[in-house]
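Visitor: I have a structure open in front of me and I'm not sure how to read it. Could you walk me through a few features?

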Amino acid sequence: MDIRVSTFGAIIGLFLAIILIIRKIQPVYSLMLGALIGGIVGGLDLVQTVDLMMDGAKDISPSILRVLTSGVLAGVLIKTGAVDKISEEIIRILGKKHAMLALALSAMILAGVGVNLDVAIITVSPIALSIGKKLNYSKLSILLAMVGGGKAGNIISPNPNTIAVSENFNVDLAKLMFANIIPAIVGIIITIILSNMLINKGENIKEEDLQNQREDLPSFFASIIGPLSAIFLLSLQTFTKINVDPLIALPLGGFIGLVFMNKLKYFNEYMGYGLSKMSGVAILLLGTGTLAGIIKNSELQQTTIQIMNMLSMPEFLLAPISGILMSLSTASSTAGATIASATFADTIMKVGITPVGGGAMINAGSSVFEQLPHGSLFHSSAGGINMNIRERFKLIPYEIIVGFIMTVISTIIYGLI
């Protein structure tokens, strides 16, 4: 569609969406209203604005389908207790001596195999609280270990943010998942260092904070075989000519897991649960698609590049900066990565950045501000360990550091080397 929204209109639409989200208006409606006002303020009539919003939603529909099917694997992992068993086994193997590493790796692996970051942290929380109480660790330290580990896992996972970026850059999902392995490892190291600095700072864990843990858990092998199967199927295209789309690989991984856990009779129940978990994400993606449709067809891209040239900034920085700014706007790695990749993917590739590199930098950048208070991660993570909101605010700078360093490493690898 050969119509352009002014830069001013795109910015007004984006800022309006941010303000509404901060004011606790439903994010999907905030994004849609921001898109509508942005298009009209940007010089379009009502029909043209709605057409661009529809086009943006249409462009994101393949990602939505893949996100919905990923709910099968997520539902199986959560409802069977497989996520609990995976985290429990990692912590058992590493022991109390390496408690921070164990908590960070648990959250990283759960997020890395496709469990929503909020759910991954809530899942690990009961074990984390128990360990933290025994070792006299503060709530700040154990929560940072889980959030930092989850962030590292999220940028190498088949989660909605990576699915959306792979779709917008038209790149194989498995390649994009593997692309940020080094930044993720660095993120874990930084997380452990910062977590250990916070051991004696902030509120301590009390007896009433402790939670009951599930006991009816499957074996570790049965728990891990499903996600490993999904990742194997996704990676086939990297090593062979076989291309298994996430639309097939993710639910098939969940089915394989059920077979090994002997839980096939609950398949429909678990699918329903997974769908309920992913439907909210899918609806959010529709909202981000409408706003992305406006921003993508605006002059914001050209204005951004002009500003970068005036400041003598290299053009490859457009990828990480766009991911950072959109996560700042939405407090969501999913929405941030989706809007940034839908808006800037073509421009990023035109300056010579590979699709995998551009996608990896945006995905890493979207992890920087996803924990801000106008998003769900801030509140769900605090609730997971019964932390008061004032205490939760103290952790934000440390979380930003973890995400920013992962973004810097990803940018060095794909922008400088």
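Visitor: Let's start with a crossing: is the one where H4 passes H11 left-handed or right-handed?

Guide: Before anything else, keep in mind that this is a predicted model. As for your crossing, H4 passes H11 in a left-handed way.

Visitor: And at roughly how many degrees do the axes of H4 and H11 cross?

Guide: The thing to look at is the angle between the two axes. Here helix H4 (residues 82-94) and helix H11 (residues 220-239) have axes that come within 9 Å and cross at roughly 110 degrees. Angles of 65 to 115 degrees count as roughly perpendicular, so that is what H4 is to H11.

Visitor: Which residues meet where H4 and H11 touch?

Guide: From H4 you have Ala-82, Lys-85, Ile-86 and Glu-89, and they meet Phe-220, Ser-223 and Ile-224 in H11. Sorted by class, that contact has four nonpolar, one polar and two charged residues.

Visitor: What about H10 and H20: at what angle do their axes cross?

Guide: Same recipe, new pair. Helix H10 (residues 181-197) and helix H20 (residues 396-416) cross at roughly 150 degrees, with axes that come within 9 Å. Angles over 145 degrees count as roughly antiparallel, and H10 and H20 are therefore roughly antiparallel to each other. Their crossing is right-handed.

Visitor: Which residues of H10 and H20 meet?

Guide: On the H10 side, look for Ile-182, Pro-183, Ala-184, Val-186, Gly-187, Ile-190, Thr-191 and Leu-194. Facing them in H20 are Tyr-398, Ile-401, Val-402, Ile-405, Met-406, Ile-409, Ser-410 and Ile-413. The contact of H10 with H20 divides into 13 nonpolar, three polar and no charged residues.

Visitor: How do H3 and H8 cross, left-handed or right-handed?

Guide: H3 passes H8 in a right-handed crossing. The axes of helix H3 (residues 46-79) and H8 come within 9 Å and cross at roughly 145 degrees. H3 brings Ile-60, Pro-62, Ser-63, Arg-66 and Val-67 to the contact, while H8 brings Pro-160, Ile-163, Ala-164, Glu-167 and Asn-168. By class, that makes six nonpolar, two polar and two charged residues.

Visitor: Now for the pockets. How much space lies in the largest pocket?

Guide: With a pocket, start with the volume and then ask who lines it. The largest pocket holds about 760 Å³ of space. It is lined by 35 residues, and Asp-118, Leu-284, Ser-332, Ser-376 and Leu-377 are the closest to its centre.

Visitor: Which helices supply at least two residues of that lining?

Guide: They are helix H2 (27-41), helix H6 (117-135), helix H8 (160-168), helix H13 (267-296), helix H16 (333-350) and helix H18 (376-384). H13 gives the largest share of the lining, eight residues. The lining of the largest pocket has 17 nonpolar, 14 polar and four charged residues.

Visitor: And what is the volume of the second largest pocket?

Guide: That one has a volume of about 410 Å³. Its lining has 20 residues, and Leu-14, Leu-300, Thr-304, Leu-325 and Met-326 lie nearest its centre. Helix H1 (7-22), helix H14 (300-310) and helix H15 (318-330) each supply at least two residues of this lining. H15 provides the largest share, seven residues. By class, the lining of the second largest pocket has 15 nonpolar, five polar and no charged residues.

Visitor: Let's look at the backbone. What is the phi of Asn-136?

Guide: Here you check the sign of phi, and whether the residue is a glycine. Asn-136 is not a glycine, yet its phi is positive, about 60 degrees. You'll find Asn-136 in the loop between H6 and helix H7 (139-154). Ser-312 is another non-glycine residue with a positive phi, near 60 degrees, and Ser-312 sits in the loop between H14 and H15.

Visitor: One last stop: which residues does Val-356 touch, leaving out those up to four places away in sequence?

Guide: Val-356 is in helix H17 (residues 355-365). Leaving out those sequence neighbours, Val-356 touches Val-171, Lys-175, Leu-176 and Ala-179. For a sense of distance, Val-356 and Ile-193 are 163 residues apart in sequence and 29 Å apart in space, C-alpha to C-alpha.

Notes. Residues are numbered from 1 along each chain as its sequence is written. This is a predicted model: local features need pLDDT of at least 70, side-chain atom pairs count only at pLDDT 80 or more; totals for chains, interfaces and linings use all residues. Side-chain values use heavy atoms; hydrogens and water are left out. On a 1 Å grid over the protein atoms alone, a cavity is a set of points where a 1.4 Å probe fits but cannot get out, and a pocket is an open set with protein on both sides within 12 Å along at least five of seven lines; lining residues have an atom within 4 Å of a point. Grid points are joined across faces, edges and corners, and a volume is the space filled by probe spheres set on the points. Helices (H or I, at least four residues) and strands (E, at least two) are DSSP runs, numbered from the N terminus. Ala, Val, Leu, Ile, Met, Phe, Trp, Tyr, Cys and Pro count as nonpolar, Asp, Glu, Lys and Arg as charged, and the others, Gly among them, as polar. Axes are lines fitted to C-alpha atoms, for helices over the stretch in contact, and angles run from 0 to 180 degrees between N-to-C directions. Angles under 35 degrees count as roughly parallel, over 145 as roughly antiparallel, 65 to 115 as roughly perpendicular and the rest as oblique. A crossing is left-handed if the near helix is turned anticlockwise from the far one by less than a right angle, and right-handed if clockwise. Contact means heavy atoms within 4.5 Å.
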